[in-house]
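Please keep the structure open in your viewer and make each selection as it comes up. The tour has two stops, and each begins with what to select.

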Amino acid sequence: VKIAVTEVSRDEQKLWLILFQVKAIRARLNSLAVQRGLFWTLALMVGAAAGIVAAAMDLGPLTFLTIAAVLVALATAGSIAALRSAWLRLASPARAAAIADVRGELKGRLATIQAVAGGGRPSSLWPYLVEDTYGARGQFEPSKIEPRWFSRAAWAALAAMILAALLIPGAIFERDRQVLMAEGGGLPATGGITADINNLDIRPADPALAPNAEVYADPATLGKLRERLAQEQGAGGALSKFANKARTFAGELQDEITGQRPQDQPPVRLRLTDRGADQYASGGRDSNKPPSAQADARNGVSGGLSGGDAENPSAQQQNGSAPDSSMGSDNPSVGGGMSLPDSQTAQPPSDSQLAGDGGGGSEHGSGTDPSSLFGAPSPPQLGADSFKIAIDADPSDEASGPGSPGYLPPKVHAPLNSTQYPDEPLARASVPSVDQMTIKRVFER
Amino acid sequence: MSEAAIAAVEMPTVADFARVFRRIQTEVHKVIVGHEQAVEQLLSALLAGGHVLIEGVPGTGKTTLVKVLGMALDLSFNRIQFTVDLMPADITGTRVILSADGRREFSFQPGPVFAHLLLGDEINRATPKTQSALLEAMAELQVTVGGVTYPLAAPYFVMATLNPIEMEGTYPLPEAQLDRFLFKVRLGYPGERDLVRIVSSTTGPEQAGIEPVFPAGEAAARIEDFKRLVREVMVAPSIEQYAARMVRATQPDNVRILGSERSQIQVDAVNRYVSFGASPRGAQALILGAKVRAMLDARANIAYDDVDAVTAPALEHRLMLNYAAHTDNVEASDIVEQVVKAVRGTRG
C-alpha cells in the first residue's frame, strides 16, 4: 500500500510540474500578447500626436484640421485593431499547451495532458502519458518555447518615439527660423509684397487667423477691394459659416498645441495695385479715369500705385482716409487676416523703393511715338501673362533665288518588300491613245 | 524517456504493441513484396477493430496478402469468391434438414462468414442483396438466420477486394456497405525491383514459411487485448474537433443534407464534385486509425499528424462523387488531398 501511495504521489508531482511549466509558458505568451497590444497602441498614438503637432506648426487651419482628423481616425482604428489582436492572442491553458506542443515537437502530449487533467476521460494509459511527457520536459521549458521577454512591437513604439523626437523639434525650429527671418530682416521691412488686385482671389478673412497684415493701396483700389469683399461676404452661405467655425476651432487648437500667440507672428505688408485701372487709363479715355490712375498715366508709372500717390496729394489724402473710414470699420479683418493700416501706417513707400515694381504697366503712354518723344524704346518686358516661342532656323543651300522654282524636297526611295509596288502611278497606268485625247479635252474644258 | 522508465510505468503493452505490430509486418513481408503502406493500413484496421476494402488490379497480391495475414496471425480464415449467382445463404449459412435418430430436424449450417478472418474476393461481382448479407456481420459481429442470431467470434475482420477494371457485370457496392469499411487500401503494380524479388521468391522450389506471431490459441485473445489498448489512447478535444472538421469539410454545402449548420471550411472541389461526403463513421475511422499510429510511435495520445496520415484510407471511399467529377477525371484522392490542405490551416 505504501509503495502504491508513493507512486501515485510521484505521478501527481510529475503532473504538477508539467502543468506548472504549461502555466509558465502561458504567462509568457500572454505577457507578449499584452505587450504587443500596448506597444502598438503606444506607437500609433505617439506617431499620430507627432504628426498632429508637426501639422499644427506648419499647416493652415483647414489643412491641419483635415490631417489631424485623419491621423486621429487612423490611430484610433489601429489601436482598436492592435488591442483586438492582442486579445485574440491571449492564450488559454489549452491553447498554450497546443502552442508548446507545436514548438516543442511534443505531438500533442501537453494538449492531451491539459485536457485530461482538467476532467477528461480517465484512461489506463494516463500514467504512461504523464511519465512520457515528464521525460520530455526539457523540450517544453518556457525559455525554449518562447525565448522572448519583450514583444517585437516595442520596436514600433521606439520608432514612433524617434520619429516624434525628430519631427516636433524640426517643426519648432522651422517656425522659429521663420519668425527670426521676419524680425531680423529676412523679409523687407517696408513695402512687403506687391500684388495686383485683379489677380487676387479675395474672400472674407479667415476667422482663425488674427489680423496681421498691412495693406497699402490707392483709394480707388481700396474701393474695388471693398466691393469685392462685399460680394464675397454676400455669397457665403451656411457652408461658409460652417467652414469659418471649423477654421476658428482649428486655429484655436493650433494655438493651443504650438503655444503660439498671434502677435508673435511678423506682420505681412501687402501693396495692392490695380493694373486694370492703368490699362483703362492708357486707353485715352481720361475723363473716366480715377484720379490716381490719371496721375500714374501722366508719370508713365502704373505698377506702383503708391509711387503715383506720392505725387498726388488728393490720392494721398484718400489713401489715408478711406481705409479708416470704410474698410477699417466695416471689415476689421479684411483680406485674409489683413488689418488695414491707419493714416500713419499707410504711408506708401518712396519712389526709389518702387523702381523695380513697374513691370505690370507699360512704360510709355498709349498713342505716342516713342522714337521721337523719349528716344529709343526700351525692349518690351515680358510679364507674367506673356510667353516666348523659340524658333531654330539655319541657312540652307537650297534656298530659292529670284525666278527660280520653289524648293522641292528630294525623293526618298524607301526599300519595298515583295508585296509592294513602286509608287509610280503614271508608269503603271496605261491609258489608250484614243482615250488620252478625250481626257485632255475634258480637262481643258 | 528511457526504456527503463517506460517499462516501469503501468502500461508496458504500449511498447509490446509496436513490437508485435512490426513482427506481423515482418511475417507478411516474407511473402508480400513491397506494399509496405498497404500492409500497415491493413494491420491498423485489424487492431482498430475495423474492416478493409482492398482495391487493386488483378495480380497485385490482394488474395495472397489476406491469406498470409491469416497465417501469420494463426486465426481461422475463410475465403468467399463472390459471383453474380452467389446467394446470401451461401455466405451466412442456412438451415438444413438433418436426420438423427430417425428424426428429421432443421439444423443451422454456418456459412463461410463464421471465421476470424474473411476474404471476400471481388465483392463487387455479387448482387447488392448478397453484398448486404455481410452488413450485419461487419457492423454487429452477428448473423441472423431464420430468426436466430448467431454471434461471430472475435476478432472478426473482413477484407473485401475490388477489381477496378473489368466492370462489366459488376455491382457497385452500396454506400451503406462502403461506409462500414474502416479503410480502403489501394494496391498498385510493384516497381521493377519489387517485381524481380516477387519473381525470384515465387518461382523457386521453396516457398517462404510463415511463422505465427502469437502462441497457439492465444492469438484471438492477444489481438482483442491490443484492440482494447488502442481504444485507451487519449485524444485532446482539439484533435477530436480537427477530425470532425475534416469530415465536415468533405461534405458539400447543401442545406438539404447538412441542415442549417454550415461547414466552417468550404473546399471548392468538394462543392463541385462531391454529392455526399463522409459520414460520422469517417470521423471514427480517423480517430481509430490515428490511435493505432500513435501506439506505433509509443505514444498514449494522438497528434494532428496521426489524423492527417489516415485521411486518405479512411475518407476516400466514403465520398460519393458526382457526374462532373467523372467527366473532369477527378478522383476522390484529389479531393481528400485538398480537404486536408484546407483543414490543416485550422489546427489549434
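What follows goes from a single residue to a contact between two chains, in a model that is predicted.

Begin by selecting Asp306(B), which you will find in helix α15 of chain B, the helix that covers residues 304-309. Is this Asp306(B) buried or exposed? With a relative accessible area of 4%, Asp306(B) counts as buried, because the cut-off for that word is under 20%. Next, add Ala303(B) to the selection and show its backbone, since a polar atom of the Asp306(B) side chain lies 2.9 Å from the backbone nitrogen of Ala303(B). Then widen the view to the residues that Asp306(B) contacts beyond its neighbours within four places in sequence, which are Ala290(B), Arg293(B), Ala294(B), Arg299(B) and Asn301(B).

For the second stop, display chain A together with chain B and look at where they meet, a contact to which chain B gives 24 residues and chain A gives 18 residues. The area buried between these two chains is about 1900 Å², and carbon and sulfur atoms account for 66% of that area.

Which residues should be selected for the salt bridge with Lys107(A)? The partner is Asp297(B), and the closest N and O atoms of this pair are 3.1 Å apart; one salt bridge is found across the interface, along with six residue pairs in polar contact, counted where both residues have pLDDT 80 or more. On the side of chain B that touches chain A, colour α1 (3-8), α10 (219-232) and α11 (237-249), the elements that each give two or more residues. Coloured by residue type, that side of chain B shows 17 nonpolar, two polar and five charged residues.

Methods: Residues numbered from 1 in each chain as written. Chains lettered and ligands numbered in written order. Predicted model: local features only at pLDDT ≥ 70, side-chain atom pairs only at ≥ 80, totals over all residues. Heavy atoms only, no water. Helix = DSSP H or I, 4+ residues; strand = E, 2+ residues; numbered from the N terminus. Buried < 20%, exposed > 50% of the residue type's maximum accessible area, 1.4 Å probe, protein only. Polar contact = N/O pair within 3.5 Å; in protein donor to acceptor, adjacent residues only side chain to side chain. Contact = heavy atoms within 4.5 Å. Buried area = accessible area lost by both parts, 1.4 Å probe. Salt bridge = Lys/Arg side-chain N within 4 Å of Asp/Glu carboxyl O. Nonpolar A, V, L, I, M, F, W, Y, C, P; charged D, E, K, R; others polar.
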